[in-house]
Amino acid sequence: MTTDLARTPATLVVGRDTALTYKKKVINLQQLGTDLRVRWAVRGAVRRNGDQVRVNVSLTDLQTARDIWSDRFDGDLANLAVLQDTIAARLLCVAHLHLRQYEEALQQCSRSLNMTGTEFEAYMSLISAYGWPGQMQQARGGSETAAQNTS
């Protein structure tokens, strides 16, 4: 699947060996994004039952550590290549959609704040570091409320 995703223009895919260093480790997703300089991560799990396979896949925003999309795919081991193609195609469509929405939101925010270039990048870095105003308000309400809203 890594190969299919890497073939797509404008898609940066972390190498398989790098990705495997994180396998079965408890990691801070936001730190992962910072360390690897990536915005999103694809995560998944595969379960096999006889000749059947179930693949759970999620696309996670590493700045917020929240899943922005997830789906479950079922198929036969005999048709594993078709299942992989289906998953890769769906994942790429979803990632492209979210990237466009993200870029459009950034442009709209930049225009509404009347900021351009370096000023806007600095502002967005500050927001990313401390969260959006609504998230900061929630955090002030106590860790219990913030924890409930992150699950």
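In this predicted model, the largest nonpolar core consists of twelve residues: Leu5, Val53, Val55, Val57, Leu59, Trp69, Phe73, Leu83, Ile87, Ala88, Leu91 and Val94. Two or more of its residues come from each of strand E2, strand E3 (66-76) and helix H4. Helix H4 provides the largest share of this core, namely five residues. A second core, separate from the largest one, has five residues, among them Leu29, Val38, Ala41 and Leu62.

Ala88 belongs to the largest core. When neighbours within four places in sequence are set aside, Ala88 is in contact with Met1, Asp4 and Leu5. Leu5 is likewise a member of the largest core.

The model also contains open space. The largest pocket holds about 1,900 Å³. Its lining is made up of 47 residues, and those closest to the pocket centre are Thr2, Ala19, Ala41, Val42 and Arg43. Ala41 is also listed in the second core. The composition of the lining by residue class is as follows.

| Class | Residues lining the largest pocket |
|---|---|
| Nonpolar | 32 residues |
| Polar | eight residues |
| Charged | seven residues |

At least two lining residues are supplied by each of helix H1 (2-6), helix H2 (16-20), helix H3 (29-36), strand E1 (40-49), strand E2 (52-61) and helix H4 (80-113). Helix H4 contributes the most to this lining, with nine residues. Helix H4 thus gives the most residues to the pocket lining and the largest share of the largest nonpolar core.

Definitions and conventions: Residues are numbered from 1 along each chain as its sequence is written. This is a predicted model: local features need pLDDT of at least 70, side-chain atom pairs count only at pLDDT 80 or more; totals for chains, interfaces and linings use all residues. Side-chain values use heavy atoms; hydrogens and water are left out. On a 1 Å grid over the protein atoms alone, a cavity is a set of points where a 1.4 Å probe fits but cannot get out, and a pocket is an open set with protein on both sides within 12 Å along at least five of seven lines; lining residues have an atom within 4 Å of a point. Grid points are joined across faces, edges and corners, and a volume is the space filled by probe spheres set on the points. Helices (H or I, at least four residues) and strands (E, at least two) are DSSP runs, numbered from the N terminus. Ala, Val, Leu, Ile, Met, Phe, Trp, Tyr, Cys and Pro count as nonpolar, Asp, Glu, Lys and Arg as charged, and the others, Gly among them, as polar. A nonpolar core is a set of buried Ala, Val, Leu, Ile, Met, Phe, Trp, Tyr and Cys residues joined through side-chain atoms within 4.5 Å. Buried means under 20% relative accessible area, exposed over 50%, partly exposed in between (1.4 Å probe, protein chains only). Contact means heavy atoms within 4.5 Å.
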